[in-house]
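Visitor: I would like a walk through this protein. Please keep the answers short.

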Amino acid sequence: NFDFCKIDVVVAPNNEQQIKSLIEKTKPYKTKVVSSWFSLSSVENSPNYLQLKPSLRSHFTAILNHIHEHFSAKDVVIVARNTKADLAWIKYFQSKGKEIMGEGVEKPFSEYFVLDDSISFGTQIFSNQIHNKHKKVFIIPNYSYKDENYVNGVLRRLNAEKSGKEIYVYGMPIIKDSENLNFEYFQNLNVRVPSSRWVDYEGEDVKAFNNKFYDRFGSLAGEEAYEGFDNMLYISRNL
């Protein structure tokens with residue numbers, strides 16, 4: 001138990017329920033609760049909550065803005081399963097896409113539902129989309145590690161069926177983080193993934209940080225070290 005009236009900021013733990021509990025406990029004291037690991041849409045509008053990780057909607061919006069800069073809506077197809085979760089994200093993509101792309105239609109993008117069984121046992125899953133309907137931009141909205149096999153299966157089938165056609169795949173960080181992914185897909189499918197982490201390794205401040213980190217710990221800094229230092233520097237400066 002803490003006397004929150006004497007505390008300005010709480011850096012929340014890596015636990016969703018504890019974050020929500022802290023938000024409730026600190027409300028009367030206007031103590032800021034900072035989440036470095038989670039993006040929680042259910043509490044993101046709480047006045048004492050500060051979220052350092054972009055939400056899923058922020059990632060999706062970044063994807064749509066990039067597509068808008070390079071393609072037209074008729075080029076795009078959203079690949080998903082016909083599940084409640086996938087349908088919810090498709091609805092968001094269509095709504096936000098209509099706003100960003102400036103399309104008059106309710107659904108600017110095509111939707112293509114592919115089941116897990118089809119990925120494993122079906123034949124020519126994407127050929128019609130690529131060669132007959134001339135789709136060249138494929139959005140995979142799945143983001144959870146529970147969907148890792150499905151996402152990898154979609155990439156595998158796209159790579160096998162594109163037959164020399166130039167196609168582009170937009171997906172979530174799970175694509176980059178997956179240990180099972182064949183990295184030739186990145187080049188073959190022109191994969192684009194939004195990222196909340198970006199480090200300018202040629203920057204003088206980053207080089208200085210690397211040198212100090214190695215001197216102190218005897219190892220090279222990883223992504224978590226950059227992010228942890230950056231987060232704490234941001235929080236402390238704003239105190």
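## Sheets, helices and cores

Guide: Start with the open sheet of three strands, which is ordered 1-2-3 and paired in parallel. Bear in mind that the model is predicted.

Visitor: Which are the edge strands of this sheet?

Guide: Look for strands that pair on one side only. In this sheet, residues 9-11 and 49-51 form such strands. The edge strands are strand 1 and strand 3.

Visitor: By how many degrees are neighbouring strands of this sheet turned against each other on average?

Guide: Ignore the direction of the strands here. The average turn between neighbours is 20°.

Visitor: Which residue in strand 3 is the bridge partner of V33?

Guide: Strand 2 covers residues 32-35, and three bridges pair it with strand 3 in the parallel sense. V33 has its bridge partner in strand 3. That partner is Y49.

Visitor: Which strands does helix 1 lie across, and at about what angle does it run to strand 2?

Guide: Helix 1 spans residues 16-26. It lies across strand 1, strand 2 and strand 3. Its angle to strand 2 is about 165°.

Visitor: What is the order of the open sheet formed by five strands?

Guide: Pairing in this sheet is parallel. Its edge strands are strand 5 (110-113) and strand 8 (191-192), each paired on one side only. The order is 5-4-6-7-8.

Visitor: Which residue in strand 6 does V76 stand opposite?

Guide: Strand 4 and strand 6 are parallel partners, with three bridges between them. V76 faces a residue of strand 6. That residue is V137.

Visitor: Which residue of strand 7 is the bridge partner of I140?

Guide: Strand 6 and strand 7 run parallel, joined by four bridges. I140 has its bridge partner in strand 7. The partner is G171.

Visitor: Is the crossover from strand 6 to strand 7 right-handed or left-handed?

Guide: Follow the chain from strand 6 through helix 6 to strand 7. This path is a β-α-β crossover. Its hand is right-handed.

Visitor: At about what angle does helix 6 run to strand 6?

Guide: Helix 6 lies across strand 4, strand 6 and strand 7. Helix 2 also lies across strand 4, strand 6 and strand 7, as well as strand 8, and runs at about 155° to strand 7. For helix 6 and strand 6, the angle is about 165°.

Visitor: Are the faces of strand 6 covered or open?

Guide: In a regular strand the side chains alternate between the two faces of the sheet. V137 and I139 are buried on one side of strand 6. F138 and I140 are buried on the other. Both faces are covered.

Visitor: How many residues are in the largest nonpolar core?

Guide: I67, F126, F138, L155 and L158 have the most contacts inside this core. The elements giving two or more residues to it include helix 2 (56-70), strand 4 (76-80) and helix 6 (148-161). The largest share, six residues, comes from helix 3. The core has 43 residues.

Visitor: Which residues is L158 in contact with, leaving aside neighbours within four places in sequence?

Guide: Set aside those sequence neighbours. The remaining contacts of L158 are F126, I130, F138, I167, V169 and L189.

Visitor: How many residues are in the other core?

Guide: This other core lies apart from the largest one. Among its residues are F4, I19, L22 and Y49. It has 10 residues.

Visitor: Is H134 buried or exposed?

Guide: H134 lies in the loop between helix 5 (127-132) and strand 6. Its phi is near 60°, a positive value in a residue other than glycine. Exposed means over 50% relative accessible area. At 52%, H134 is therefore exposed.

Visitor: What is the relative accessible area of S163?

Guide: Most residues other than glycine have a negative phi. S163 has a positive phi, near 50°. This residue sits in the loop between helix 6 and strand 7. S163 is exposed, with a relative accessible area of 57%.

Visitor: What share of the residues in the protein is buried?

Guide: The protein has 10 helices and eight strands. There are 239 residues in the protein. The buried share is 41%.

Conventions. Residues are numbered from 1 along each chain as its sequence is written. This is a predicted model: local features need pLDDT of at least 70, side-chain atom pairs count only at pLDDT 80 or more; totals for chains, interfaces and linings use all residues. Side-chain values use heavy atoms; hydrogens and water are left out. A nonpolar core is a set of buried Ala, Val, Leu, Ile, Met, Phe, Trp, Tyr and Cys residues joined through side-chain atoms within 4.5 Å. Buried means under 20% relative accessible area, exposed over 50%, partly exposed in between (1.4 Å probe, protein chains only). Contact means heavy atoms within 4.5 Å. Two strands pair if DSSP finds at least two bridges between them. A crossover is right-handed if, with the strands pointing away from the viewer, the path from the first strand over the helix to the second runs clockwise. Axes are lines fitted to C-alpha atoms, for helices over the stretch in contact, and angles run from 0 to 180 degrees between N-to-C directions.
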